Amino acid sequence: MEIIEKAIKTHVLDKGEIVSLLNLEDASLLYEAADRVRRESVGDGVHLRGLIEISTVCKRNCLYCGLRRDNKKIFRRRMSCSEIINHAQAAARAGYATVVLQGGEEDGFGADNMAEVIKEIKRLGLAVTLSLGEKSFEEYSLYRQAGADRYLLRIETTDKALYERLDPDMSFENRVRCLKDLGRLGYEVGSGFMVGLPGQSVESIADDILFLKALPVHMAGIGPFIANPDTPLANCGKDNFDLSLKAMAVIRLVMPYINIPATTAMETLRPQGRFTALKSGANVIMPNVGGDMSEYYQLYPGKARAGEVIKYRLDLEEKLKAVGRHIAEGSGISKAYLAEDKK
Ligand code: 5AD
Ligand code: SF4
């Protein structure tokens, strides 16, 4: 297919071309191309990031998310600082080189305490990724100085009207401001979006992809929207797996050197969803290493969970070997980031 050939050669596609790829009935050539570009650009190594969900408390009210503040059905809990550090130590012992501290958007830890946690984890020799939502430039800067390497903040959708409808009290401009601040502070920046939000068009997904390329991001996480029964979008369920996979594959074609996770939401929708994603452009997996907390951290129903940390890692190693992949050595800095010479 001509568009795919062009993308493999130039890594440039316009909106119309992206829309035609997203509309493909049979996308097998797209997946094969993304797999090839992934192999040639970032290799067969799969980077593991140990995910620690540090808090289910959230001050926001995003219509799609189970952690929204109006959801009274979920158990709210914030880990103590020492709990977070213990999980990070366990992850380090199990061979992880990066931990991701993810939580609802809240201020309950206190920025100075969080900075101390980051410093402690850095002493373990781990790379630290934060995913704690929108903060001021000063707070991002504090965490960066404490040693945080990466920050994940999805744009969710670049359709401003849709964004502001789904995320009440939040402003699209502020979200973009956050992403720019993170870039300016020298973070490796991860962003991404959901696919299949009610009211989201294929054209808008094409805009999302072009937005990530323009920013640019060093990591892009694309997840299917999964309706959560305890949210106002309970009845908006449809199967967004294929469209998400296509969006992810297109991103690999236009941003060959970035890191792309096989997202948990993909694994939730298909038994082998993560492996399907790894064969269609992805090169990162984020297993949960945060213990029981994942019981409560229900963004959407049925969220896939990792078992015991070391066993899970060994199992994964075997499964990756069977499909010609391996766990990558090192902390897995994005090649796109290194190319910017910010180290
Ligand atoms: N379905 C899929 N992904 C979701 N997220 C939140 N709620 C849902 C849902 N119902 C995603 C958002 C957020 C990330 C942490 O989880 O993209 O940024
Ligand atoms: Fe809170 Fe993030 Fe969920 Fe929105 S998506 S309700 S900010 S945890």
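Begin by selecting Ile260, which in this predicted model is placed in the loop between H10 and helix H11 (264-269). With its surface shown, ask whether this residue is buried or exposed. Ile260 counts as buried because its relative accessible area is 0%, and the cut-off for that word is under 20%. To see what surrounds Ile260, add Ala220, Met248, Ile251, Arg252, Gly281, Ala282, Asn283 and Val284, which are its contacts once the neighbours within four places in sequence are left aside. Then draw a distance from the C-alpha atom of Ile260 to that of His47, and you should read 9.6 Å, although the two residues stand 213 residues apart along the chain.

Next, turn to the nonpolar interior. The largest nonpolar core has 109 residues, and the members that touch the most others are Leu101, Ile121, Leu130 and Tyr187. If you colour helix H10 (residues 241-254), you will be looking at the element that gives this core its largest share, nine residues. Which residues does Leu101 touch, not counting those up to four places away in sequence? Select Ile52, Ile54, Ile84, Met114, Val117, Ile121, Thr129, Leu130, Ser131 and Leu132 to see them around Leu101. Apart from the largest core lies another one, of six residues, and among them are Leu51, Val100, Leu152 and Val284; Val284 has already appeared on this tour as a contact of Ile260.

Now select ligand 2 and the residues that surround it, namely Cys58, Arg60, Cys62, Tyr64, Cys65, Leu67, Arg68 and Gly104. Sorted by class, this shell contains five nonpolar residues, one polar residue and two charged residues. The space that ligand 2 takes up is the largest cavity.

The remaining stops concern the backbone. Go to Pro216, in the loop between helix H9 (202-214) and strand S7 (219-224), and look at the peptide bond that joins Leu215 to Pro216, which is cis, with omega at about -10°.

From there, move to His11, placed in the loop between helix H1 (2-10) and helix H2 (15-22). His11 has a positive phi of about 60°, although it is not a glycine. Finish at Glu156, in the loop between strand S5 (150-152) and helix H7 (160-166). Glu156 also is not a glycine, and its phi is positive, at about 70°. Why does Glu156 count as buried? Glu156 is called buried because its relative accessible area is 12%, and the term applies under 20%.

Conventions
Residues are numbered from 1 along each chain as its sequence is written. Chains are lettered from A and ligands numbered from 1 in the order in which they are written. This is a predicted model: local features need pLDDT of at least 70, side-chain atom pairs count only at pLDDT 80 or more; totals for chains, interfaces and linings use all residues. Side-chain values use heavy atoms; hydrogens and water are left out. A nonpolar core is a set of buried Ala, Val, Leu, Ile, Met, Phe, Trp, Tyr and Cys residues joined through side-chain atoms within 4.5 Å. Buried means under 20% relative accessible area, exposed over 50%, partly exposed in between (1.4 Å probe, protein chains only). Helices (H or I, at least four residues) and strands (E, at least two) are DSSP runs, numbered from the N terminus. Contact means heavy atoms within 4.5 Å. A residue is near a molecule or strand if one of its heavy atoms lies within 4 Å of it. On a 1 Å grid over the protein atoms alone, a cavity is a set of points where a 1.4 Å probe fits but cannot get out, and a pocket is an open set with protein on both sides within 12 Å along at least five of seven lines; lining residues have an atom within 4 Å of a point. A molecule sits in a cavity or pocket if more than half of its atoms lie within 2 Å of its grid points. Ala, Val, Leu, Ile, Met, Phe, Trp, Tyr, Cys and Pro count as nonpolar, Asp, Glu, Lys and Arg as charged, and the others, Gly among them, as polar.
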